[in-house]
Amino acid sequence: MTLHAPYDPANIFGKILRGEMPSVKVFEDEVALAFMDVFPQGEGHTLVIPKFLGARNFLDLPEAEVGGYMLRVQKVARAVEAGLKPDGLRVFQFNGSAAGQTVFHLHFHILPMWDGVKPGAHAGGGMKSAAELEPLAARIRAGL
Ligand code: AMP
């Protein structure tokens with residue numbers, strides 16, 4: 001039953017926020033951090049996390065934090081579109097392990113999609129290196 005368990009600051013995204021783990025960043029301000037998914041379901045798969053500590057999932061996020069965070073999710077989604085020019089774009093997130101969540105710090109996925117290209121398995125693809133992800137991140141940053 002992971003939907004309302006206590007927030008564990010040792011989760012991997014908490015470590016990325018504290019600079020204890022590397023990430024290929026595309027956007028950062030006082031509210032949110034966006035970086036490339038290292039097991040991408042497709043080219044340009046990007047994650048947007050709130051800097052607010054304590055929300056394992058969307059249901060946990062205090063109402064006062066929602067508006068600012070969602071503005072950043074949209075900002076990064078627009079940058080992904082501008083930088084990578086996909087035919088479509090999925091914006092999604094999971095709440096609880098029963099729903100498929102595997103990292104328990106709130107995050108939205110932004111997955112660009114191209115006609116005829118099926119997305120890979122969730123959190124199940126091969127790991128990409130920073131060198132492979134950086135050129136995509138650069139194009140997304142240019143779209144901000
Ligand atoms: P979820 O299953 O919705 O919690 O999504 C977690 C996402 O984080 C998956 O898409 C993973 O591929 C991704 N992921 C796991 N570890 C890392 C990491 N160290 N850096 C970037 N993305 C990660």
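Colleague: How many helices and how many strands does the protein have?

Modeller: In this predicted model, the protein has three helices and five strands. Read from the N terminus, their order is α-β-β-β-α-β-β-α.

Colleague: Why is the protein called as compact as a globular protein of that length?

Modeller: The globule rule gives 15 Å for 144 residues, and the radius of gyration of the protein is 14 Å. The two values are close, so the protein is as compact as a globular protein of that length. Along the principal axes, the C-alpha atoms fill a box of roughly 40 × 30 × 25 Å.

Colleague: What makes the pair between Asp37 and the ligand a polar contact?

Modeller: A polar contact needs a pair of N or O atoms within 3.5 Å. An N or O atom in the side chain of Asp37 is 2.4 Å from an oxygen atom of the ligand, so the pair meets the cut-off.

Colleague: How do you know that His109 and His122 make polar contacts with the ligand too?

Modeller: The cut-off is again 3.5 Å. For His109, a polar side-chain atom lies 2.8 Å from a ligand oxygen. For His122, the distance from a side-chain N or O atom to an oxygen atom of the ligand is 2.5 Å. Both pairs are within the limit, so both count. As for its surface, the ligand taken alone exposes 500 Å², and the protein buries 94% of that.

Colleague: Which pocket does the ligand take up, and which elements give two or more residues to its shell?

Modeller: The ligand takes the space of the largest pocket. Helix H1 (12–17) and strand E2 (32–36) each give two or more residues to the shell, and H1 has the largest share, three residues.

Colleague: How many residues surround the ligand, and of what class are they?

Modeller: There are 18, and by class they are 11 nonpolar, six polar and one charged. Among the closest are Thr102 and Val103.

Notes: Residues are numbered from 1 along each chain as its sequence is written. This is a predicted model: local features need pLDDT of at least 70, side-chain atom pairs count only at pLDDT 80 or more; totals for chains, interfaces and linings use all residues. Side-chain values use heavy atoms; hydrogens and water are left out. A residue is near a molecule or strand if one of its heavy atoms lies within 4 Å of it. A polar contact is a pair of N or O atoms within 3.5 Å; within protein, one must be able to donate a hydrogen and the other to accept it, and residues adjacent in sequence count only if both atoms are side-chain atoms. Accessible areas come from the Shrake-Rupley method with a 1.4 Å probe; for residues, only the protein chains shown count as cover. On a 1 Å grid over the protein atoms alone, a cavity is a set of points where a 1.4 Å probe fits but cannot get out, and a pocket is an open set with protein on both sides within 12 Å along at least five of seven lines; lining residues have an atom within 4 Å of a point. A molecule sits in a cavity or pocket if more than half of its atoms lie within 2 Å of its grid points. Helices (H or I, at least four residues) and strands (E, at least two) are DSSP runs, numbered from the N terminus. Ala, Val, Leu, Ile, Met, Phe, Trp, Tyr, Cys and Pro count as nonpolar, Asp, Glu, Lys and Arg as charged, and the others, Gly among them, as polar. The radius of gyration is taken over C-alpha atoms; the globule rule is 2.2 Å times the number of residues to the power 0.38.
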